[in-house]
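Got your viewer open? Load the model and keep the selection box handy, and we'll walk through it stop by stop.

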Amino acid sequence: QVQLVESGGGLVQPGESLRLSCAASGSISRSYSMGWYRQAPGKQREFLAIITSSGSTNYQDSVKGRFTISRDNAKNTVYLQMNSLKPEDTAVYYCNFRFVGTPAARSSWGQGTQVTVSS
């Protein structure tokens, strides 16, 4: 069982930055990937970024160049640096943890952290 605790959300103005963190704890004994998703009101949850155990990254096109995912393996923590935020980035942001070789349905999710971009 893996637990995820997210932090770093808040209210910012357009053009500002935020850094989200997600710390994983529990029985972490093998390789894993971690990612970020978001869900805006009335919309489905959407993929934003993922970082594998080897450090490879992949991003949704709409956030490429503005968002950067990184991880600290010693702390089992993943970060999402978000720059040049726009009102359309307003959503609840979720962290995802998935052991290598396990199906998506068995991945773990954080509780979510609200990001609001508004002037």
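What follows is a short tour of this predicted model, from a sheet to a disulfide, a core and a loop.

**Stop 1: the four-stranded sheet.** Select strands 1, 3, 8 and 7 and colour them in that order, since that is how they sit in an open, antiparallel sheet. The edges are strand 1 (2-7) and strand 7, each with a pairing partner on one side only. On average, neighbouring strands here are turned by 15° against each other, direction ignored. If you want to show hydrogen bonds, remember that strands of a sheet pair through backbone hydrogen bonds.

**Stop 2: both sides of strand 3.** Now pick residues 18-26, which make up strand 3. Towards strand 1, the antiparallel pairing runs over six bridges. Select Ser7 and you'll find Ser21 of strand 3 opposite. On the other side, strand 3 and strand 8 are also antiparallel and are joined by six bridges. For a landmark there, select Arg19, which stands opposite Gln81 in strand 8.

**Stop 3: Leu20.** Stay in strand 3 and click on Leu20. Is Leu20 buried or exposed? Its relative accessible area is 0%, so Leu20 counts as buried. Show its surroundings: leaving aside residues up to four places away in sequence, Leu20 touches Ser7, Gly8 and Gly9, then Trp36, then Val78, Tyr79, Leu80 and Met82, and finally Tyr93, Thr113 and Val115. For a sense of scale, draw a line from Leu20 to Tyr59: the C-alpha atoms are 16 Å apart, with the two positions 39 residues apart in sequence numbering.

**Stop 4: the disulfide.** Next, show the cysteine side chains. How many disulfides does a search of the whole structure find? The search finds one, and it joins Cys22 to Cys95, with the sulfurs 2.1 Å apart. Cys22 belongs to strand 3 and Cys95 to strand 9, so look for a link between distant parts of the chain, 73 residues apart. Look down the S-S bond as well: the torsion is about -80°, so this disulfide is left-handed. Both Cys22 and Cys95 are buried.

**Stop 5: the core.** Switch to spheres for the largest nonpolar core, a set of 29 residues. Start with Met34, Trp36, Leu80, Met82 and Tyr93, the residues with the most contacts inside this core. Three strands of the sheet from the first stop, strands 1, 3 and 7, are among the elements giving two or more residues to the core, and so are strand 4 (32-39), strand 5 (46-51), strand 8 (77-82) and strand 11 (113-117). Strand 9 gives the most, with five residues.

**Stop 6: Arg66.** Finish in the loop between strand 6 (57-59) and strand 7 (67-72), where Arg66 is found. Would you guess buried or exposed for Arg66? Arg66 has a relative accessible area of 11%, under the 20% cut-off, so Arg66 is buried. Look for the backbone oxygen of Ser62, which lies 3.5 Å from a polar atom of the Arg66 side chain. Then show the contacts from further along the chain: beyond four places in sequence, Arg66 touches Gln81, Met82, Asn83, Ser84, Leu85, Lys86 and Asp89.

Definitions and conventions: Residues are numbered from 1 along each chain as its sequence is written. This is a predicted model: local features need pLDDT of at least 70, side-chain atom pairs count only at pLDDT 80 or more; totals for chains, interfaces and linings use all residues. Side-chain values use heavy atoms; hydrogens and water are left out. Buried means under 20% relative accessible area, exposed over 50%, partly exposed in between (1.4 Å probe, protein chains only). A polar contact is a pair of N or O atoms within 3.5 Å; within protein, one must be able to donate a hydrogen and the other to accept it, and residues adjacent in sequence count only if both atoms are side-chain atoms. Contact means heavy atoms within 4.5 Å. Two strands pair if DSSP finds at least two bridges between them. Axes are lines fitted to C-alpha atoms, for helices over the stretch in contact, and angles run from 0 to 180 degrees between N-to-C directions. A nonpolar core is a set of buried Ala, Val, Leu, Ile, Met, Phe, Trp, Tyr and Cys residues joined through side-chain atoms within 4.5 Å. A disulfide is a pair of cysteine sulfur atoms within 2.5 Å.
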